[in-house]
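Please consider the sequence and the three-dimensional model shown here. The paragraphs after it lead from the overall fold to individual side chains.

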Amino acid sequence: MSFSIQAATSREDINVTERLAEVGKMLGIEVLDHVIVNDIGQFTSLKEKGYI
């Protein structure tokens, strides 16, 4: 699936996503995606960007 509207992704968003995925692996919980949504409804999938 490709998203045509994207919200800005900060370095902190990416860091949190990577940490959550790492901790999830240790607990046996798969992080499926981390979606960033801004105040006007635009969104970005960090899975689609390759961070998960």
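The account below begins with the whole chain and then turns to particular residues. The model is a predicted one, and the values that follow are computed from it.

The secondary structure of the protein chain consists of 1 helix and 2 strands. Along the sequence these elements are arranged in the pattern α-β-β. The helix, helix 1, covers residues 11–27, while strand 1 spans 35–37 and strand 2 spans 43–45, with a loop between them. The protein chain has 52 residues, of which 19% count as buried. Its accessible surface amounts to about 3900 Å², and carbon and sulfur atoms account for 56% of that area. As for how distant parts of the sequence meet, the contacts to consider are those between residues at least 6 apart in sequence; of these, 51% join residues at least 24 apart.

The charged side chains may be taken next. How many salt bridges does the count come to? The count is 2 salt bridges, a pair being accepted when the side-chain nitrogen lies within 4 Å of the carboxyl oxygen. In one of them, Arg11 and Glu18 meet through their side chains, with an N to O distance of 3.6 Å. Glu18 has a relative accessibility of 36% and therefore counts as partly exposed. In another, Glu12 is paired with Arg19, and their closest N and O atoms are 3.9 Å apart. That distance falls within the 4 Å cut-off. Both partners of this bridge can be placed on the accessibility scale: Glu12 counts as partly exposed because its relative accessibility is 45%, and Arg19 counts as partly exposed because its value is 48%.

A nonpolar part of the surface deserves attention as well. Val23, Met26, Leu27 and Ile29 together make a nonpolar surface patch of about 430 Å². Of these residues, Val23 is located in helix 1. Its relative accessibility is 39%, so Val23 counts as partly exposed; membership of a patch requires over 30%.

The loop between the strands supplies the final example. Asp39 lies in this loop, between strand 1 and strand 2. Is Asp39 buried or exposed? Asp39 counts as exposed, because its relative accessibility is 76% and the category begins over 50%. Asp39 can also be related to Ala7: the two are 32 residues apart in sequence, and their C-alpha atoms are 9.2 Å apart in space.

Terms used:
Residues are numbered from 1 along each chain as its sequence is written. This is a predicted model: local features need pLDDT of at least 70, side-chain atom pairs count only at pLDDT 80 or more; totals for chains, interfaces and linings use all residues. Side-chain values use heavy atoms; hydrogens and water are left out. Patches are made of residues with over 30% relative accessible area and no salt bridge: like charges are joined within 9 Å, nonpolar side chains (Val, Leu, Ile, Met, Phe, Trp, Tyr) within 5 Å. Accessible areas come from the Shrake-Rupley method with a 1.4 Å probe; for residues, only the protein chains shown count as cover. Helices (H or I, at least four residues) and strands (E, at least two) are DSSP runs, numbered from the N terminus. Buried means under 20% relative accessible area, exposed over 50%, partly exposed in between (1.4 Å probe, protein chains only). Contact means heavy atoms within 4.5 Å.
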